[in-house]
Structure formats: C-alpha cells, structure tokens
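Biologist: Could you take me through this model, and explain at each step why a term is used and what value stands behind it?

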Amino acid sequence: MSYQQHFSMGSGSRPARRNFEFGRTCVVRPQGKHQATIVWLHGLGDNGSSCSQLLENLPLPNVKWICPTAPTRPVALLGGFPCTAWFDVGEISEESPDDWEGLDASAAHIANLLSTEPADVKIAIGGFSMGAATALYSATCAAFGRYGNGNAYPINLRAVVGLSGWLPGSRSLRTKVEGSHEAARRAASLPIFICHGTSDDVVPYNYGEKSAQCLNTAGFRNLTFKSYEGLGHYTVPREMDEVRNWLTARLGLDGSRS
C-alpha cells in the first residue's frame, strides 16, 4: 500500500513541502478474538514485511499487527544514501537537529492506519531502533494532543513499546508537558515499555536510558525501562517474551485463544 502526505514547517519561511510516499503495509490478522491493534515500526533500511514475519510467531492471538514500510529517502547519517527511514537523521545524539517534518509525516501516517480500527479495540504503537524513536515521538504527540506542526493528534493511544531506540525532541519535552494540565494527565496515564541492550553499538545504551529518564521526568510516570546485559542492536526471544507479557497486562488481553 502506498500513502502520500504533504507537510510544511510550522513556522519561519515555510520551505517547499516534501512529499512522503510510504511503502507496502503488511498485516498479521488475529487468530483469536480481536482485542488490540498494534502498529509495529521497523528500523532504518528495513521494511514491514520482515517485521510481520517476526510478529506472526509471537503468541498474542488477540492482536492484529500492522507493519508499514517507511518512505525511501536520502539519509544524512548514511552520507545521503537513500533507504527506508521514518525521518532523516544526521547523527544519533541529543545535539542532532530533529527532522520535525519527517517525524510528523510518519506519526500521521501511523495514526491514519489506526484511525479505522473498531472503537472497542485498543490501539498501540511499537518499534525497533528508528521505529522505536518514531513510536516514542508518537507517544509525545498523544500526550500533547497534537503533532509538532500543531495539527491535532486524532487517536487514543493505549500503549507504546520502544526497543533499542531513542527519543527525538527530548530537549523541549518537559517544558511542553508542564505547560498543559491536559498533556500532563495524558502523559501520566500512557503505559510505555522501553528496552535496551548494554552492548548496543548502533544506538548506545545511554541514549535509551536517558530517553526513559527524560520521559519520566517530563511526567510519563507509567514507564518501564528494562536493560539487557550484553545485548547488542537486535532483539532476543527473552526480550520479546517480556514485550508479550507487558502488552498482555497493559492492554488487558486474554491469556489464551478465544
């Protein structure tokens, strides 16, 4: 499936809008009663198909998984080489400027995928690496009730999972949440699960740890951070089992097929 959306910067000289064309979306249907729908976001250079193959073997029979593919775009981190990426990034650091236009376009695409789910189905977002960064950015949009460009965030997000990722926009997060009682209320009630390996040589462990601390300090109180000793930039069955158990508890999923 292809999806196009136009965004312009929220202030300043309004540079020419970029066009974002998203790739194919793969869906894994629930094998039991449909209780939750989760969008799962791949890492840099990957695609939705590989995520769906991983998730279809995760024993969560009441979950529908939606696995989109990011737009193919030049990525500054790779010297301008084009690959699938949810947003542009020059370096993975707190000082690196954030691609708000790309982040907003991806967050809006994800919300659009979830917007047609039945009202009684709980919705969540998760991801790995850059996908985790995009999921955590979506969490902040859900708390603020709007995207970075000011447009309203349209869905009631019930849980967020981030594996081996980082938080874009961390520098201004606390000020934004503290400036709104409603944002603070939503932040405090949104369950977030962040996992990171101590031997990650792509997104260093301290970035994941700092992201969790930043979210917690900003008012995201319902947050769990798990470290995995010796784990690099990949997932392992033990980690995915904990993700499954956390999602089952937070989303109130049936423990067995129904």
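Modeller: Let me begin with a definition, which is that two strands are said to pair if DSSP finds at least two bridges between them. You should also keep in mind that this is a predicted model.

Biologist: With that rule in hand, what makes β8 and strand β9 a pair?

Modeller: Strand β8 and strand β9, which covers residues 157-163, are joined by 6 bridges and run parallel, and the rule asks for at least two, so the two strands count as paired. If you want a place to look in the structure, Ile-125 stands opposite Val-160 in β9.

Biologist: How does the chain get from β8 to β9?

Modeller: The path leads from β8 through helix α3, residues 130-144, and on to β9, and this β-α-β crossover is right-handed.

Biologist: Which other strand pairs with β8, and in what sense?

Modeller: Strand β4, made of residues 36-41, pairs with β8 in the parallel sense, over 6 bridges. Here Trp-40 is the residue that stands opposite Gly-126 in β8.

Biologist: Why is β8 described as largely enclosed by the rest of the structure?

Modeller: A residue is called buried when its relative accessible area is under 20%. In β8, which spans residues 122-128, 6 of the 7 residues are buried, and therefore the strand is described as largely enclosed. Helix α3 is judged in the same way: 15 of its 15 residues are buried, so this helix too is largely enclosed by the rest of the structure.

Biologist: How do you know that the length of α3 agrees with what is expected of a helix?

Modeller: The expected span is 1.5 Å times one less than the number of residues. For the 15 residues of α3 that gives 21 Å, and the C-alpha atoms at its ends are 21 Å apart, which agrees. After the helix comes Gly-145, with a positive phi near 80 degrees.

Biologist: What makes the phi of Ser-129 worth pointing out?

Modeller: Ser-129 has a positive phi of about 60 degrees although it is not a glycine. This residue sits in the loop between β8 and α3, and at a relative accessible area of 8% it is buried. Ser-164, in the loop between β9 and α4, is likewise a residue other than glycine with a positive phi, near 55 degrees. The relative accessibility of Ser-164 is 0%, so it counts as buried.

Biologist: Ser-170 is found in the loop between β9 and α4 as well; is it buried or exposed, and how do you know?

Modeller: The cut-off for buried is under 20%, and Ser-170, at 18% relative accessibility, therefore counts as buried. Its C-alpha atom is separated by 9.7 Å from that of Thr-140, which is 30 residues away along the chain.

Biologist: Why, then, does Phe-81 count as exposed?

Modeller: Exposed means over 50% relative accessible area, and Phe-81, which lies in strand β7, counts as exposed because its value is 53%. Together with Leu-44, Leu-77 and Leu-78, Phe-81 makes a nonpolar surface patch of about 330 Å².

Biologist: What makes the contact between Glu-117 and Lys-64 a salt bridge?

Modeller: A side-chain nitrogen of Lys or Arg has to be within 4 Å of a carboxyl oxygen of Asp or Glu. Between Glu-117 and Lys-64 the distance from N to O is 2.9 Å, so the contact meets that rule. Glu-117 lies in the loop between α2 and β8 and Lys-64 in strand β5, so the pair ties together parts that are 53 residues apart in sequence. Glu-117 counts as buried at 13%, and Lys-64 is buried at 12%. The structure holds 6 salt bridges.

Biologist: What separates Glu-182 and Arg-185 along helix α5?

Modeller: Being 3 residues apart in helix α5, these two are separated by about one helical turn. They form a salt bridge whose closest N and O atoms are 2.4 Å apart. Partly exposed covers the range between the 20% and 50% limits, so Glu-182 at 35% is partly exposed, as is Arg-185 at 47%.

Conventions: Residues are numbered from 1 along each chain as its sequence is written. This is a predicted model: local features need pLDDT of at least 70, side-chain atom pairs count only at pLDDT 80 or more; totals for chains, interfaces and linings use all residues. Side-chain values use heavy atoms; hydrogens and water are left out. Buried means under 20% relative accessible area, exposed over 50%, partly exposed in between (1.4 Å probe, protein chains only). Helices (H or I, at least four residues) and strands (E, at least two) are DSSP runs, numbered from the N terminus. A crossover is right-handed if, with the strands pointing away from the viewer, the path from the first strand over the helix to the second runs clockwise. Patches are made of residues with over 30% relative accessible area and no salt bridge: like charges are joined within 9 Å, nonpolar side chains (Val, Leu, Ile, Met, Phe, Trp, Tyr) within 5 Å. Accessible areas come from the Shrake-Rupley method with a 1.4 Å probe; for residues, only the protein chains shown count as cover.
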